[in-house]
Amino acid sequence: MKLRDRVVVITGAGSGIGRASAMAFANEGARVAVADIRVAAALETVRHIGEAEGIACAVEADVSSADSVQQLVDQTIRAFSRVDVLLNNAAIQVNKSVEDTTVEEWNREIGVNLGGVFLCSKFFLPHLKKTKGCIINMASVNGFFVEPTCAGYCATKGGIIALTKAMAIDHGKEGVRVNCICPGYIDTGLAWEYFEMQPNPAAAREVASKLHALWRIGRPEEVSRVAVFLASDDASFMTGAAVVVSGGFGSGLPPSA
Ligand SMILES: NC(=O)c1ccc[n+]([C@@H]2O[C@H](COP(=O)([O-])OP(=O)(O)OC[C@H]3O[C@@H](n4cnc5c(N)ncnc54)[C@H](O)[C@@H]3O)[C@@H](O)[C@H]2O)c1
């Protein structure tokens, strides 16, 4: 087991990549704080982990709220006494151009996706410095290659890549590593909602598949395995990295190929 007795906090762990990561970390012996704005979903993840004889607790948390994040810190410390890994994974995606995005939608998307990384990192860093732990931020290939009708989302993911590198420089001397993962399309609710917004969702999914060199969309487990690696001692000399887990997204193949 690569992470025996480490304590891992995962935001947005009630579904998709976050849930797969919570289960993968628990399988490697970590104790997991499963945080999500939807507490029922977080409890469901904890149930799955319990069935596999892992250890986890559910915490209701809105990563865009400083008070809520402070409570997440307090509940994690109360449950497990320490924190070794923070996986900033929670995000939302507004499927609109800038012109169509309302001011409220913009502020919410920035607040959750980028603000959530800031708040969780800020409030967990004092604990991560004690354990010489690490932060993993879930960015996206959209931080490098943008796509239509998700302008704010692309902006937040580009911001997360820069924020990752900035935090790595500021906290490396304290022994805290900070990396991010940039997935391609992954088979979760976030991607399904994007397809549903298109005139022909099935065709949109097909086109999206062929944007990847592997001609398919990824599975949440294919991202969570990389998160486990980045948290483990195998990645002890990695910091400030943007690790692309994209099946070769944007490798130059036209959608009609
Ligand atoms: N699915 C993809 O194609 C894809 C591609 C690249 C990157 N990502 C990134 O992966 C991460 C996980 O997304 P996913 O694909 O698993 O989607 P998902 O919608 O299944 O999971 C997102 C989770 O975040 C939670 N959440 C939303 N707002 C929150 C808030 N304010 N506070 C706490 N939790 C909140 C949701 O309840 C949900 O459980 C995101 O950062 C996303 O941007 C996804």
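How many nonpolar, polar and charged residues does the lining of the largest pocket have, by class? The tour comes to that count after a look at what occupies the space. Keep in mind that this is a predicted model.

**Stop 1: the ligand**

Select the ligand and display the residues around it. The shell has 30 residues, and Asp-36, Asn-89, Tyr-153, Ile-186 and Thr-188 are the closest. Colour the shell by residue class: 16 of its residues are nonpolar, nine are polar and five are charged.

**Stop 2: polar atoms facing the ligand**

Select Arg-38 next. An N or O atom in the side chain of Arg-38 lies 2.8 Å from an oxygen atom of the ligand. Then turn to the backbone of Ala-61, where a polar atom is 3.3 Å from a ligand nitrogen atom. Val-63 also offers a polar backbone atom, and the distance from that atom to a nitrogen atom of the ligand is 3.1 Å. Now show the surface of the ligand: on its own the ligand has 830 Å² of accessible area, and the protein covers 93% of it.

**Stop 3: helices around the ligand**

Switch to a cartoon view and select 16–27, 103–131, 151–171 and 189–196. These are helix 1, helix 4, helix 5 and helix 6, and each gives the ligand shell at least two residues. Helix 6 has the largest share, with three residues of the shell.

**Stop 4: the largest pocket**

Hide the ligand and look at the space it takes, which is the largest pocket. The volume of this pocket is about 940 Å³. It is lined by 41 residues, and those closest to the centre are Asn-89, Ala-91, Ile-92, Thr-188 and Leu-190. Asn-89 and Thr-188 should already be on screen, since both were picked at the ligand among its closest residues.

Add strand 2, residues 31–36, to the selection. Strand 2, helix 1, helix 4, helix 5 and helix 6 each supply at least two lining residues. Helix 6 gives the largest share of the pocket lining, six residues. As for the opening question, the lining divides into 20 nonpolar, 13 polar and eight charged residues.

**Stop 5: the largest cavity**

Next, select Thr-11, Val-63, Asn-88, Asn-89, Ala-90, Val-112, Asn-113, Gly-116, Val-117 and Cys-120, the residues that line the largest cavity. Its volume is about 40 Å³, and the model has one cavity of 30 Å³ or more. Val-63 belongs to this lining and also has the backbone atom 3.1 Å from a ligand nitrogen. Asn-89 is another residue of the cavity lining that was met earlier, among the residues closest to the ligand.

Which helix gives the most to the lining of the largest cavity? Helix 4 does, with five residues. By class, the cavity lining has five nonpolar and five polar residues, and no charged ones.

**Stop 6: the second largest pocket**

Finish by selecting Arg-6, Lys-132, Gly-133, Ala-231 and Asp-233. These lie nearest the centre of the second largest pocket, which has 14 lining residues. The pocket holds about 160 Å³ of space. Coloured by class, its lining shows three nonpolar, five polar and six charged residues.

Technical notes. Residues numbered from 1 in each chain as written. Predicted model: local features only at pLDDT ≥ 70, side-chain atom pairs only at ≥ 80, totals over all residues. Heavy atoms only, no water. Near = heavy atom within 4 Å. Polar contact = N/O pair within 3.5 Å; in protein donor to acceptor, adjacent residues only side chain to side chain. Areas by Shrake-Rupley, 256 points an atom, 1.4 Å probe, with all protein chains shown as cover. 1 Å grid on protein atoms, 1.4 Å probe; cavity = no way out; pocket = protein on both sides within 12 Å on 5 of 7 lines; lining within 4 Å. Sits in = over half its atoms within 2 Å of the grid points. Helix = DSSP H or I, 4+ residues; strand = E, 2+ residues; numbered from the N terminus. Nonpolar A, V, L, I, M, F, W, Y, C, P; charged D, E, K, R; others polar. Points joined across faces, edges and corners; volume = space filled by probe spheres on them.
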